[in-house]
Amino acid sequence: MVNTKEDDNMHPSAALYTRFVLRGYDFVVLQFSNAFAWCCPTDSALLPLFRQHIGAQAHLDVGPGSGYYLAASAAELAEVERLTLVDLNPDALQYTKERLQAVGHTRTMETMIHDVFKPFPSAMHGQYDSISMFYVFHCLPGAFPHKARDVITRLKPLLKPSAVFYGATILGQAHNWLGNCLMDLYNGKGVFCNKEDTREGLEEALAEHYEEVEVRIVGRVALFVARKPTIKCNVS
Ligand SMILES: C[S@@+](CC[C@H](N)C(=O)[O-])C[C@H]1O[C@@H](n2cnc3c(N)ncnc32)[C@H](O)[C@@H]1O
């Protein structure tokens with residue numbers, strides 16, 4: 001496992017994901033909250049998006065959490081030569097790695113403890129056909145478009161010119177009663193930071209760095225696909 005940072009003082013948005021929490025994550029988040037709070041079903045909306053854009057040779061997943069999407073995409077990943085998992089929390093990486101091995105993923109996986117706000121090693125530049133980032137933006141401190149710009153600037157150099165950056169994030173407004181309760185709870189604890197996150201803010205950040213941007217809304221979740229990274233990179 002590559003470690004590019006010290007994991008002392010981990011932010012709550014990553015520190016939450018202990019093995020204990022990860023064991024309940026699929027039920028609480030992917031089954032219950034996605035269906036009833038965020039109104040964006042995991043298996044009919046999010047999983048198909050995850051599978052659809054996995055690249056031909058090299059794929060990187062940011063913030064795998066419990067590894068549900070990766071494990072459910074074992075058939076697609078079997079074709080991929082290089083799989084890299086990036087997370088600030090080593091428990092999420094180890095849990096996902098074990099889960100993938102349990103479903104028969106025998107190819108080598110790279111795991112990297114890394115803060116997505118920080119620069120990646122130059123050896124990773126231009127290597128990936130696809131980068132997925134599901135349910136990470138809404139956890140990250142800051143607001144759209146700024147936090148998305150900062151992250152996109154870090155990830156963009158890793159992509160090949162023909163690559164795709166895609167994912168999903170819970171937006172900040174117009175939730176139902178259950179959604180509002182969870183938004184208050186999670187934002188209060190620093191696990192989410194998304195009360196100001198809007199579709200327009202996400203689109204603005206993506207459009208600054210990609211020629212082709214698609215954002216569609218399912219329930220209160222923005223599903224995004226960005227292609228053709230532009231050359232310009234304006235954050236040091
Ligand atoms: C809500 S979980 C998402 C899990 C999975 N992708 C999904 O959609 O169900 C957020 C993940 O992002 C990771 N994370 C949070 N902040 C991060 C950061 N700054 N850099 C890298 N990973 C981070 C967490 O540790 C966790 O694994």
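Colleague: Which side chain has an N or O atom 2.9 Å from a nitrogen atom of the ligand?
Modeller: Happy to help, and please keep in mind that this is a predicted model. A pair of N or O atoms within 3.5 Å counts as a polar contact, so 2.9 Å passes that cut-off. The side chain that supplies the N or O atom for this ligand nitrogen belongs to Asp115.

Colleague: How much of the ligand's accessible area does the protein cover?
Modeller: On its own, the ligand has 600 Å² of accessible area. The share of this that the protein covers is 98%.

Colleague: Where does the ligand sit?
Modeller: Helix 1 (12-15) and helix 2 (19-36) each give two or more residues to the shell around the ligand. At least three residues of the shell come from domain 1 (21-53 + 135-236), and at least three from domain 2 (56-115). As for the site itself, the ligand is in the largest pocket.

Colleague: How far is the side chain of Asp87 from an oxygen atom of the ligand?
Modeller: Asp87 is among the closest of the 21 residues that surround the ligand. Tyr25 is listed there too, with a polar side-chain atom 2.7 Å from a ligand oxygen. For Asp87, the distance from a side-chain N or O atom to a ligand oxygen is 2.5 Å.

Colleague: Which residue is joined to Phe144 by a cis peptide bond?
Modeller: Most peptide bonds are trans. Here omega is about 0°. The partner of Phe144 lies in the loop between strand 5 (128-134) and helix 7 (146-155), and its name is Pro145.

How values were computed. Residues are numbered from 1 along each chain as its sequence is written. This is a predicted model: local features need pLDDT of at least 70, side-chain atom pairs count only at pLDDT 80 or more; totals for chains, interfaces and linings use all residues. Side-chain values use heavy atoms; hydrogens and water are left out. A residue is near a molecule or strand if one of its heavy atoms lies within 4 Å of it. A polar contact is a pair of N or O atoms within 3.5 Å; within protein, one must be able to donate a hydrogen and the other to accept it, and residues adjacent in sequence count only if both atoms are side-chain atoms. Accessible areas come from the Shrake-Rupley method with a 1.4 Å probe; for residues, only the protein chains shown count as cover. On a 1 Å grid over the protein atoms alone, a cavity is a set of points where a 1.4 Å probe fits but cannot get out, and a pocket is an open set with protein on both sides within 12 Å along at least five of seven lines; lining residues have an atom within 4 Å of a point. A molecule sits in a cavity or pocket if more than half of its atoms lie within 2 Å of its grid points. Helices (H or I, at least four residues) and strands (E, at least two) are DSSP runs, numbered from the N terminus. Domain bounds come from an automatic or database domain assignment.
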